[in-house]
Amino acid sequence: MHALIVGGGVAGPTAAMALRKAGITSVVYEAHPGGVSERGAFLSLFANGMDALRAIDAHQLVVERSFAVTSIEFATGTGKRLRDARIDQDHFGRLTGPRTLRRAELCRVLAEEAGRRGIRVESGKHLVSAGRTPEGRVKAFFKDGTEAEGDLLVGADGIHSVVRRMIDPVAPLPRYTGEDLVCGYASKAPVSSPDETMRMVYGKRAFFAYLTTPGGDTWWFVNIPGATSAPDNNAAATPEEWKRRALERVAGDDRAASDLIRATEDDVVGISVYDIASTPLWHAGPIIIIGDAAHAAAPNAGHGASMAMEDSVVLAKCLRDIPGADAAFTRYEQLRRPRVEELVATSASMKKRAIPGPLQRLLRDFMLSRLLKDGPRNAAPWLTRHHIDWDEKTVPEVKDRQ
C-alpha cells in the first residue's frame, strides 16, 4: 500500500512515519516552495502529544530541540498573583511533557526525521485536484503540472484544506473566531520568568503570557480581539502594526506586558484565529483528512499539534489492523471524532476568560482563583493522559445485533 500525503506541517510527516512503521510507504507533498514558513508562534506539546511521538520512536528528537515548562503562574492585569500550578506530567512512569518550541522548528524536526527514515518530502507541490483511476487507486494533480498515484490520499493540509473541499464541496468553512494571536520573541527583554515557568496574565482587555527560554530569550503571546470581522487585511500587517495592536490592548495592565512588547524588535507575527466546530465528512473513497484539515481548534487550549500527532498514529494503526481502507477510515473516525470535537469546544470556551466583555471581566476576576484551583483546563487528565499503545491491535467496529 502506498499513500500520498498532502501537507508538510505537523500532521503530514508524523503520519508518514507512523504509516511507515505500519508497513505502508508514502510521499509527503508540501505546497510552499521552501517548505513550512519559518515565521509563526511557539507551542507546547503536552504528555499526550509526546506519547504519540513515542509510539513511532520520534519523541527524543523533540526533547532535544525543545525545553521544559513545568509550572504556570497566574495573575490579574494589576499584577495580583492568583495561583501557581505544576504542569509537569509523569505519564505512565515517564516524565513526558510539556515540551516547548517554535512550531517551525517542530515541523523541521519532523520533516528531517521523515527524510532520514527514507520518506520523500517534496516542496512546491500545490494540490489542485484528485480523482479515482479505473483500478480504484487515487491520482493527485499538482499546480506545477506533475501527477502522483497511490492507494490512499491523506489530507494533512491544515485548516484551509484543499482536500477537505474535494471530499465534500459543501463542507463548513473555517470560522473566524473574532480573535487574533500576536506572538513575539525578545532577545534582550527587560522582563523574564523563572526557570521552566510560564506567566499568564488575565488583563482588562487581553490575555498575555510569557516565558524565558534556557538561552535567555523571552517569548510572549497575547490574545486580542480581531481588528475586523473579515481579517483578510491581516496578511499584510507588519511586525510594527501587530506590536501597535498588542500594545493598545495591554494598556492599563501591569507594565510587564507593554515592556516586553516594546523590547521586541521585528520577530513578531500575528495570526487570525479560526476554528471548525465539526466537519461532517472526514473521508470518501480512498481519501481522508486528518489534523486541522478535519478538526481545527482555536489555539487557546494549545493542543492542535498534539491532536494531529494522535490522529497520525491512530490512522496508521487502523490501516495496519483493519482490512480495507473504508473500514479502517470508519474505525479511525469513530475513535477520534468525540475526543477532537470536545477539544474544539473546550478551546472555544476558553476564549471567554481570555477576552471577556466588561461585565464578564468583573465576574471572571472575582472567580479566577477558584476556577484555577484544579490547574489550567488544557492540562486536564482527559486531555493529557491519553495513551496510544502501538502494539495493541485495533479492532473494527462491532455493531449491535438486534
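Which residues does glutamate 310 touch, not counting residues up to four places away in sequence? Let me start there, and then walk around the rest of the chain.

First, a word on what we're looking at. This is a predicted model, where local features need pLDDT of at least 70, side-chain atom pairs count only at pLDDT 80 or more, and totals for chains, interfaces and linings use all residues. Residues are numbered from 1 along each chain as its sequence is written, and side-chain values use heavy atoms, with hydrogens and water left out.

Okay, glutamate 310. It touches Asn48, Ala52, Arg336, Arg339, His386 and Ile388, where a contact means heavy atoms within 4.5 Å. Glutamate 310 sits in helix H8; helices here are DSSP runs of H or I with at least four residues, strands are runs of E with at least two, and both are numbered from the N terminus. Glutamate 310 counts as buried because its relative accessibility is 0%, and buried means under 20% relative accessible area, with exposed over 50% and partly exposed in between, using a 1.4 Å probe on protein chains only. Its side chain makes a polar contact of 2.8 Å with the side chain of arginine 336. By polar contact I mean a pair of N or O atoms within 3.5 Å; within protein, one must be able to donate a hydrogen and the other to accept it, and residues adjacent in sequence count only if both atoms are side-chain atoms. And look at asparagine 48: it is 262 residues away from glutamate 310 along the chain, yet their C-alpha atoms are separated by 7.7 Å.

How about the chain as a whole? There are 11 helices and 21 strands. Of the 402 residues, 55% are buried. Among contacts with a separation of 6 or more, 72% are between residues 24 or more positions apart.

Another acid to click on is aspartate 180, in strand E15. Aspartate 180 is buried as well, because its relative accessible area is 0%. Its side chain has a polar contact of 2.9 Å with the side chain of tyrosine 176.

E15 comes up again with helix H7, residues 255-263. In H7, Ala256, Ala257, Ser258, Leu260 and Ile261 are buried. The buried residues of H7 pack against strands E15 (175-186), E17 (207-212) and E18 (218-225), plus helix H6 (239-250).

Now for the empty space. We use a 1 Å grid over the protein atoms alone: a cavity is a set of points where a 1.4 Å probe fits but cannot get out, a pocket is an open set with protein on both sides within 12 Å along at least five of seven lines, and lining residues have an atom within 4 Å of a point. Grid points are joined across faces, edges and corners, and a volume is the space filled by probe spheres set on the points.

The structure has two cavities of 30 Å³ or more. The second largest holds about 30 Å³, and Ala257 from H7 is one of its lining residues.

The second largest pocket has a volume of about 250 Å³. Helices H8 (304-321) and H9 (325-354) are the elements giving two or more residues to its lining, and H9 gives the most, with four.

Last, what is the disulfide count? Zero, taking a disulfide as a pair of cysteine sulfur atoms within 2.5 Å.
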